[in-house]
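Dear colleague,

Please find the structure below, handed over for your examination. A summary of what was found in it follows.

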There are 2 protein chains.
Amino acid sequence: MGSDTRQRMADAAFALFEEHGYDATTVDQIVERAGVSRSTFFRAFGSKEEVIFPRHDDLQAKITARLESGNAQTFRLAIAEAAGLVLAQYLDEGQVALTRYRLTRSVPALRDREIASTLGYQRLFREHARGWLAELGGPDVDLHAELLAASVVTAHNVVLRRWLRGETAAPWREFDDAMVAVFRGFDPAPTGGGSTVVVVGSDLPPDEVAARVRVALAGSDPTLAPADRLDGPTLGR
Amino acid sequence: MGSDTRQRMADAAFALFEEHGYDATTVDQIVERAGVSRSTFFRAFGSKEEVIFPRHDDLQAKITARLESGNAQTFRLAIAEAAGLVLAQYLDEGQVALTRYRLTRSVPALRDREIASTLGYQRLFREHARGWLAELGGPDVDLHAELLAASVVTAHNVVLRRWLRGETAAPWREFDDAMVAVFRGFDPAPTGGGSTVVVVGSDLPPDEVAARVRVALAGSDPTLAPADRLDGPTLGR
DNA sequence: GTTTGGGTGATACTGAGTGTCACACATCGA
DNA sequence: TCGATGTGTGACACTCAGTATCACCCAAAC
């Protein structure tokens, strides 16, 4: 399996895109620089666009796993942490993510594709939210699930774009605040305030615990079930 | 100017897409059936994809006009009615909109493009919302403007898709309800409830007046300025 | 040693999109 | 009436993305 070959092609493509632009770069130029044939390129990537975008499969699997570890009582934190997995992916990519951002901003075809790709994540959030909201028994479950998913993805993207543009040095803090803002406006079963019980046993840093509690408290039903809370999958950040 | 020629090409394209599918239809087949040359086709549409999508320019202008007729006190109704212009456009298209929906559902490239096109509208909402929210003086103006725009577009799309799938016979009622749901969860300046004064002078049908008042009341600051309210542009539905 | 299968290369082909030149025709002013 | 100008169209050649097919190499398995 030429995972090495694949990387060589991707490197050559990114370099040429930076040098001459996306449209002005032909696949022939890419394969020539990478020292492979056109056949190899299209077998590996399928299209010229796909060189730019990362594999989504494993990330989607991780998101699904985190969402499925939540329940109707803890869905806010599940969604927030699942969205955090996406942000973590981009931050890990570092320079590659920045280059891709420059390209998607300047080439309409790539921009369209990038936008469409976020809908894959939105779909995961929507489907899980639908189940949780149905269980909680509010009205207009489909609409609210759709709104919740769209809001989470949008809030994530706002923070991500600020980081991509170099407008923030503390993306995680902004991300947590954004998630709080999302869930504050989104309240499936208003109760008009009430007592809150938080039971936390954890070896996470105090700031981390505080951040998670804030997300959980953003809704109106901030009951925390200890067993399901901080013992679940963590972001690993 | 061959607006007639343009229509002939579009008709031929839609017919062939229905008969053989989008990918299996070549531009040569389209121009042959329409009785024109390839040159004419690409001059009129630019690409094979563009035959399917309508002109957005005039609709965007109408949306902008409606948004600019609103102000910080009446922004909810301005946004809701502006979004209603989009829905009205689709309902007017009728069969064409349904055919396009079938195509965009089955062809990934068209689906991506459709998704990306909605972002144009979202941008209009976002920019105007940013101004209004800044005037109202809440925190995180950028984030909230983005969330509001995304929510409006999402809610609109939920109703639109239900109509496209034939799942509703009363899209306008569902649309009004969806807008109410959006603004209920979106409250730029919570006041904890208060007295409300509604002054309405209008010759609209009572149901119509009621619907608009409901949208306006969805927020927490439902002050209605009569002069700016029902004397502004109407949906014409 | 032969077979089997994954990764690769070479080649030819289809079809979208671009660029250029030529032609028809309608309008307008001298 | 004539020529100039502009607009819509056709014809043609070209580039390049993406597909299909066949051949080849090489390593592991039998």
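**Contacts with the DNA strands**

Around DNA strand D there are 17 residues, of which A:R38, A:K48, B:S37, B:S39 and B:T40 are the closest. Please note that this is a predicted model. By class, the surface near DNA strand D is made up of 4 nonpolar, 10 polar and 3 charged residues. Of the atoms of this strand within 4 Å of the protein, sugar or phosphate accounts for 51%, and bases for the rest.

Individual polar contacts to DNA strand D involve both chains. From chain A, a backbone N or O atom of A:V27 is 3.3 Å from a phosphate oxygen of the strand. From chain B, a polar backbone atom of B:S37 lies 2.9 Å from a phosphate oxygen, while an N or O atom in the side chain of B:S39 lies 2.9 Å from a base nitrogen. Two or more residues of the surface near DNA strand D come from each of α3 of chain A and α3 of chain B. The largest contribution is that of α3(B), with 3 residues.

DNA strand C is surrounded by 17 residues, and A:S39, A:T40, A:R43, B:R38 and B:K48 come nearest. The surface near DNA strand C has 4 nonpolar, 10 polar and 3 charged residues. Sugar or phosphate supplies 51% of the atoms of DNA strand C within 4 Å of the protein, the remainder belonging to bases.

An N or O atom in the side chain of A:T40 is 2.4 Å from a phosphate oxygen of DNA strand C. A backbone N or O atom of B:V27 is 3.4 Å from a phosphate oxygen of that strand, and an N or O atom in the side chain of B:R38 is 2.7 Å from a base nitrogen. Here α3 (38-45) of chain A and α3 (38-45) of chain B each supply at least two residues, and α3(A) gives the most, with 3 residues.

**Relation of the two chains**

A turn of 180 degrees, with a shift of 0.0 Å along the axis, lays chain B on chain A with an RMSD of 0.0 Å. That is the relation of a two-fold axis. The same surface serves both copies, as 95% of the contact residues of chain B recur in chain A. Within chain B, the residue closest to the rotation axis is B:G185, at 2.3 Å (C-alpha).

**Helix α8 of chain A**

Helix α8 (residues 141-164) of chain A has 24 residues, which at 1.5 Å a residue should span 34 Å; its end C-alpha atoms are 34 Å apart, in agreement. Of these 24 residues, 21 are buried, so α8(A) is largely enclosed by the rest of the structure. A:G166, which follows α8(A), has a positive phi, near 70 degrees.

With kind regards

Definitions and conventions. Residues numbered from 1 in each chain as written. Chains lettered and ligands numbered in written order. Predicted model: local features only at pLDDT ≥ 70, side-chain atom pairs only at ≥ 80, totals over all residues. Heavy atoms only, no water. Helix = DSSP H or I, 4+ residues; strand = E, 2+ residues; numbered from the N terminus. Expected span 1.5 Å × (residues − 1). Buried < 20%, exposed > 50% of the residue type's maximum accessible area, 1.4 Å probe, protein only. Near = heavy atom within 4 Å. Polar contact = N/O pair within 3.5 Å; in protein donor to acceptor, adjacent residues only side chain to side chain. Nonpolar A, V, L, I, M, F, W, Y, C, P; charged D, E, K, R; others polar. Least-squares fit on C-alpha atoms with pLDDT ≥ 70 in both. Contact = heavy atoms within 4.5 Å.
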